[in-house]
Amino acid sequence: MWKWDWLGMSSLKAEGTVKRAMHIMHNGLAILQQGRVLVTDRLHGHILSVLLDIPHVLLDNCHQKLSSFHNTWTRGLKNCRLADNAEDAARYVMELLDEYGDSLPPRLTAADIKEKL
């Protein structure tokens, strides 16, 4: 298990808005594709996981932002689970690991994602 937050990325110090955004995007894509299952409490983490076909668990918060989005747009996805707490998230991670085994989604670049859209 590996815990990571985008706020610690060195690319946030890159000069220029566009250059900084590109660094953040490329670094974020690389980070998200490190493991076999992602647990996220961020909407962008969920959206990118959907685009990258990464099995993932959404950990909702008290505002129910993620569950509202998930229930409206992505409820039918096979590789996504919605958890209300850390214990449920851990159980769903184990389910996804059992379901997907040792397989990893293919690594994609930003250009690959653009072509999928």
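**Cores, sheet and ring contacts**

User: What makes residues count as contacts of V93, and which are they, leaving aside its neighbours within four places in sequence?

Analyst: In this predicted model, V93 touches V37, V39 and V57 once the neighbours within four places in sequence are set aside. These pairs are called contacts because heavy atoms lie within 4.5 Å.

User: Why is the group containing V93 called a nonpolar core, and which residues belong to the largest one?

Analyst: The largest nonpolar core consists of V57, A83, A89, Y92, V93 and L96, six residues. The group earns the name because its members are buried Ala, Val, Leu and Tyr residues joined through side-chain atoms within 4.5 Å. Each member is called buried because its relative accessible area is under 20%. Helix 4, residues 86-100, gives the most to this core, with four residues. Another core lies apart from it and has five residues, including L29, L38, L52 and I54. In soluble globular proteins, nonpolar side chains tend to be buried together. Over the protein chain of 117 residues, 30% count as buried.

User: What makes the charged end of R91 count as sitting over the ring of Y92?

Analyst: The charged end of R91 is 4.7 Å from the centre of the Y92 ring. That value satisfies the distance condition, because the limit for CZ of Arg is 6 Å. The definition also requires a position within 35 degrees of the ring normal, and R91 is therefore listed as sitting over the ring.

User: How many aromatic pairs are there by the rule for rings?

Analyst: The count is zero. A pair would need ring centres within 6.5 Å, so the conclusion is that no rings of Phe, Tyr or Trp qualify.

User: How do you know which strands are the edge strands of the sheet?

Analyst: The sheet is open, and its three strands follow the order 1-2-3 with parallel pairing. Strand 1 (38-40) and strand 3 (80-83) each pair on one side only, and they are the edge strands. From one strand to the next, the twist averages 20 degrees.

User: What makes strand 1 and strand 2 a pair?

Analyst: Three bridges join strand 1 to strand 2 (residues 56-59), in the parallel sense. At least two bridges are required, so the two strands qualify as a pair. Within strand 2, L58 stands opposite T40. Helix 3 (residues 65-74) packs on the sheet and touches strand 1, strand 2 and strand 3. The direction of helix 3 makes about 145 degrees with that of strand 3.

User: In what order do the elements of the protein chain run from the N terminus on?

Analyst: The order is α-β-α-β-α-β-α-α, with five helices and three strands in the protein chain.

How values were computed. Residues numbered from 1 in each chain as written. Predicted model: local features only at pLDDT ≥ 70, side-chain atom pairs only at ≥ 80, totals over all residues. Heavy atoms only, no water. Phe/Tyr/Trp six-rings, centres within 6.5 Å; stacked < 30°, edge-to-face > 60°. Buried < 20%, exposed > 50% of the residue type's maximum accessible area, 1.4 Å probe, protein only. Axes fitted to C-alpha atoms, helices over the stretch in contact; angles between N-to-C directions.
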